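User: I'd like to go through this structure with you and ask how you arrive at the words you use for it. Could you show it first?

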Amino acid sequence: MNSATSPTLACPNPLPAVSTHSPRALPVLRERGQREVFCGLTGIIWLHRKIQDAFFLVVGSRTCAHLIQSAAGVMIFAEPRFATAILEEKDLAGLSDANDEIDRAVSRLLARRPEIKLLFLVGSCPSEVIKLDLSRAAARLSARFQPAVRVLNYSGSGIETTFTQGEDACLASLVPELPQQDPAAPQSLLVVGTLPDVIEDQFQRLFDALRIPVTFFPPRRSGNLPPVGPRTLYLLAQPFLGATGQALDERGAERIAAPFPFGIEGTRAWFDAAAVAFSVSPLHVAEVVAPAESRARTALQQVRPRLSGKRIFFFPDSQLEVPLARFLSRELDMQLLEVGTPYLHQDHLAAELALLPSDVVLSEGQDVERQLDRCRAASPDLVVCGLGLANPLEVQGLTTKWSIELVFSPIHGYEQAGDLAELFARPLVRRDRLEV
Ligand code: SF4
């Protein structure tokens, strides 16, 4: 095994009334065929930027190292906080003790990088194929290096997963480490899901103005893990955190059901749900968010003419598809042809599903050839898909948007609503220019 560092009040455009259909009544096309998605290692790219004293050591192959290195790019001004411990043929053949090699690689790393306080051993397809037990390795190394360094593990394997599940697995592995909340503590709010710092700061200011005590998970530093317990109410900021939500439920926390904070409507409903849970008056919420909503409305008005009436098709990739489809349909008047998502978490997405048009075509999972046939037959104006499908579809004359870009960009909240709409408008503008 080698250690190889690798280097987003009164509305002049009133929204459609909330439909009253039961979300469970929406028909879902379930497919279990060949899929075209990235693996969960991809999450390291945004997670390592968020938790600033964490390190992600992938235990994998050269393919895993290449994926991370090419997706994350090279850091010029700082040493990277991710690397791949490469499983060589002798490891895969069981001729060497991979655990000894992991211990040696971790010892070398921690001796050289004393600023690391939280180390994740990240499993991959190769480590799972040879049944390398990284949970035992993490426990062994934690016992050796605590209290200076906490060592945890999770799987970023691409077997039966999609790329945003890497964050879910990472955060779920952190939940048991959250301190127990004082039972006498006042009720508090936990916002769950990795957000760029700039968005976290915007949300913090709005919650402060609403006088709702809030913490964010994951935190920026591993020493600031928020306490959790039966006095914790949590709001999901991302729609792909099923395992994390379950782990928080098991700690006694209670989820506040809400749409996700994308666009004006989703962001307002997200804050409204928190306000109801913390008995903040609707009038006060309206006053607090009014300036941000006004700015967002202005921004959306500028983009709406380019998107209104355009027909969009979502391939399953990021798990952001349902909330984004809701935003595009209700706030930008786009027509939804098919909304595909890798996994449909009915509970976490219930508030979103209730806002989709009742005749929407929803699909879960993928049979890529069949879905490509449906897409070509529908002839959409814009296709949201993974990188692997984009180029072939462009060659066939379809306009595409890379769904992974939506995960890498700051898109949550009021201040980013215009940028989010712009991300969908840009490929259409590019296509129009090319056709001139
Ligand atoms: S974890 Fe699996 S899918 Fe991901 S890069 Fe490694 S081998 Fe490929």
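User: Where is D333?

Analyst: This is a predicted model, and in it D333 sits in the loop between α12 and β12 (335-341).

User: What makes D333 partly exposed?

Analyst: Count the C-beta neighbours: D333 has 15 of them inside 10 Å. Buried needs 20 or more, and exposed needs 12 or fewer. The count of 15 falls in between, so D333 is called partly exposed.

User: What is the phi of D333?

Analyst: It's positive, about 60°, although D333 is not a glycine. Here's the background: most residues other than glycine have a negative phi. Q319 is another case, with a positive phi of about 75°, and it is not a glycine either. You'll find Q319 in the loop between β11 (311-314) and α12 (321-332).

User: Is Q319 buried or exposed, and how do you know?

Analyst: Q319 has 27 other C-beta atoms within 10 Å. The cut-off for buried is 20 or more, so Q319 is buried.

User: What about R30: how do you know whether it is buried or exposed?

Analyst: Same routine. R30 has 10 other C-beta atoms within 10 Å. Exposed means 12 or fewer, so R30 counts as exposed. R30 is in strand β2 (residues 28-32). Leaving aside its neighbours within four places in sequence, R30 is in contact with E364 and G365.

User: And why is L41 called buried?

Analyst: L41 has 30 C-beta neighbours inside 10 Å, and the bar is 20 or more, so buried is the word for L41. L41 lies in the loop between β2 and α1 (44-50). Setting aside residues within four places in sequence, its contacts are V58, C64, L67, I68, V122, S124, G156 and G166.

User: Which residues are around the ligand?

Analyst: L41 is one of them, and the others are C39, G60, S61, T63, C64, L67, S124, C125, G156, S157 and G158. Helix α2 (residues 62-72) gives the most to this shell, with three residues.

User: How does the shell around the ligand split by class?

Analyst: There are five nonpolar, seven polar and no charged residues in the shell. One thing that may trip you up is that Gly counts as polar here, while Cys counts as nonpolar.

User: Let's move to helices. Why are α4 and α6 called oblique?

Analyst: Helix α4 (residues 98-112) and α6 pack at an angle of about 40°, with their axes 11 Å apart. Roughly parallel needs an angle under 35 degrees, and roughly perpendicular runs from 65 to 115. At about 40°, the pair fits neither range, so α4 and α6 are oblique to each other. Their crossing is right-handed. N99, I102, D103, V106 and L110 of α4 make the contact with A137, L141 and F145 of α6. By class, those residues are six nonpolar, one polar and one charged.

User: What makes α10 roughly antiparallel to α11?

Analyst: Helix α10 (residues 263-277) and helix α11 (residues 282-307) pack at about 165°, and their axes are 10 Å apart. Anything over 145 degrees counts as roughly antiparallel, so that's the label for α10 and α11. On the α10 side, I264, R268, F271, D272 and A275 meet P282, V285, V289, E293, A296, R297 and L300 in α11. The contact has eight nonpolar, no polar and four charged residues.

User: And how do you know whether α11 is roughly parallel or antiparallel to α17?

Analyst: The axes of α11 and helix α17 (residues 417-435) come within 9 Å and cross at roughly 15°. That is under the 35 degrees cut-off, so α11 is roughly parallel to α17. The crossing of this pair is left-handed. In their contact there are eleven nonpolar, two polar and two charged residues.

User: Last one: where are the cis peptide bonds at P147 and P218, and what are their omega values?

Analyst: The bond from Q146 to P147 is cis, with omega near 10°. P147 lies in the loop between α6 (134-145) and β6 (150-155). The other cis bond joins F217 and P218, with omega about 10°, and P218 is in the loop between β8 (214-217) and β9 (232-236). As a rule, most peptide bonds are trans.

Terms used:
Residues are numbered from 1 along each chain as its sequence is written. This is a predicted model: local features need pLDDT of at least 70, side-chain atom pairs count only at pLDDT 80 or more; totals for chains, interfaces and linings use all residues. Helices (H or I, at least four residues) and strands (E, at least two) are DSSP runs, numbered from the N terminus. A residue is near a molecule or strand if its C-beta atom, placed from the backbone, lies within 6 Å of it. Axes are lines fitted to C-alpha atoms, for helices over the stretch in contact, and angles run from 0 to 180 degrees between N-to-C directions. A crossing is left-handed if the near helix is turned anticlockwise from the far one by less than a right angle, and right-handed if clockwise. Two residues are in contact if their C-beta atoms, placed from the backbone, lie within 7 Å.
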